[in-house]
Amino acid sequence: MVDGSIVDVLLATAVIGAARPDTIAELATASRWRTVERNDMLCIAGDRADAIFVVASGTLRVFTSSATGLEPTLALLHEGEVVGELGVLDDLPRSASLAALRRSDVVEVPARAFRTAYESDPAIARRMVTLLADRLRRVTDGLADMAYLDLGGRLAKYILSESERRGRTSFVLNLTQAEMGQLLGGARQTINQAARSLHDAGLVGLDGRTVTIIDEQGLRLRAMSADGRLE
């Protein structure tokens, strides 16, 4: 039996949404809902890749772990995004771990069903190429940011990207300072210092965890600055 709510979630994704109706129906029939609470794991690096995950609500965190206990965040995934496809397509173990940053609803699509859809429906294959190219571009941009931007510049860039994603200039930061540090590469204390420096420069307003962009042009300049100077 086809679950209409799962069909709606699949249709909202860039990868699966353009597929034939029969392909989507087959994927929906094979899939199931999962609700994961904050910090619950969906998969661990090294696991067998037995499914892809589609975010219906909430936020998922993709991360790796080091021998020293550090867990840098590689990406945050929001509603409509797909994750876990690499291991499913190349049949290799998971390269990163996946956890819920907050309570999230996820559609789990079994690997066999997704591989069948990928091989039989050209629309999914085309969209997968676009998705992988976008992922590679994000990784390249992230490496460049870590190499050339200080923490204040990376924070400015993150605020701008969140503003664009949400479609407004004033919003609540859903991440704690520790989570922000895992994403941007900094300790909790230095994240706070970087935020205060943006505030003191008149670029953003801060009210608890609410950020308001005051000077968008200045913030964009700061997001391209390696040392905080705006000239």
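Q: Which word describes Arg34: buried, partly exposed or exposed?
A: The relative accessible area of Arg34 is 21%. In this predicted model, local features need pLDDT of at least 70, side-chain atom pairs count only at pLDDT 80 or more, and totals for chains, interfaces and linings use all residues. Residues are numbered from 1 along each chain as its sequence is written, and side-chain values use heavy atoms, with hydrogens and water left out. Buried means under 20% relative accessible area, exposed over 50%, and partly exposed in between (1.4 Å probe, protein chains only), so Arg34 is partly exposed.

Q: With which residue does Glu108 form a salt bridge?
A: A salt bridge is a side-chain nitrogen of Lys or Arg within 4 Å of a carboxyl oxygen of Asp or Glu. Glu108 is buried, at a relative accessible area of 14%. In its salt bridge the closest N and O atoms are 2.8 Å apart, and the partner is Arg34.

Q: How many residues apart in sequence are the parts that Glu108 and Arg34 tie together?
A: Helices (H or I, at least four residues) and strands (E, at least two) are DSSP runs, numbered from the N terminus. Glu108 lies in strand E8 and Arg34 in strand E1, so the salt bridge ties together parts whose separation in sequence, in residues, is 74.

Q: In what order do the four strands of the open sheet lie?
A: The pairing in this sheet is antiparallel, and two strands pair if DSSP finds at least two bridges between them. The edge strands, E1 (32-36) and E6 (82-83), each pair on one side only. The order is E1-E8-E3-E6.

Q: Which residue of E8 stands opposite Val55?
A: E3 and E8 pair in the antiparallel sense over six bridges. Opposite Val55, the residue in E8 is Val106.

Q: Which six residues touch the most other members of the largest nonpolar core?
A: A nonpolar core is a set of buried Ala, Val, Leu, Ile, Met, Phe, Trp, Tyr and Cys residues joined through side-chain atoms within 4.5 Å. The largest one has 25 residues. The residues that touch the most other members are Leu10, Ile16, Leu27, Val109, Phe114 and Ile124.

Q: Which helices and strands each supply at least two residues of this core?
A: In soluble globular proteins, nonpolar side chains tend to be buried together. The helices that supply at least two residues each are H1 (4-11), H2 (21-30), H4 (111-120) and H5 (122-148), and the strands are E3 (51-57) and E8 (104-110).

Q: How many residues belong to the other core that lies apart from it?
A: This separate core includes Leu155, Tyr158, Val211 and Leu219. Its number of residues is 23.

Q: Why are the buried residues of H4 on the same side of the helix, and what arc do they cover?
A: The residues concerned are Ala111, Ala113, Phe114 and Ala117, which are buried in H4. The arc is that of the directions from the helix axis to the C-beta atoms. They lie on the same side of H4 because they cover an arc of only 165 degrees.

Q: Which exposed residues does the face of H4 turned away from its buried side carry?
A: The buried residues of H4 are covered by elements including H2, E3, H3 (85-90), E8 and H5. The face turned away from the buried side carries Arg112 and Glu119.

Q: At what distance from a polar atom of the side chain of Arg94 does the backbone oxygen of Gly84 lie?
A: Arg94 has its place in the loop between H3 and strand E7 (97-100). At 8% relative accessibility, Arg94 counts as buried. Contact means heavy atoms within 4.5 Å, and Arg94, leaving aside its neighbours within four places in sequence, is in contact with residues including Cys43, Asp47, Phe53 and Gly84. The backbone oxygen of Gly84 lies from a polar atom of the Arg94 side chain at 3.0 Å.

Q: What distance separates the C-alpha atoms of Leu151 and Ala194?
A: Leu151 is found in helix H6 (residues 151-166) and is buried, with a relative accessible area of 14%. Leaving aside neighbours within four places in sequence, Leu151 is in contact with residues including Leu184, Ile191 and Ala194. Leu151 and Ala194 are 43 residues apart along the chain, and their C-alpha atoms are separated by 6.6 Å.

Technical notes: Polar contact = N/O pair within 3.5 Å; in protein donor to acceptor, adjacent residues only side chain to side chain.
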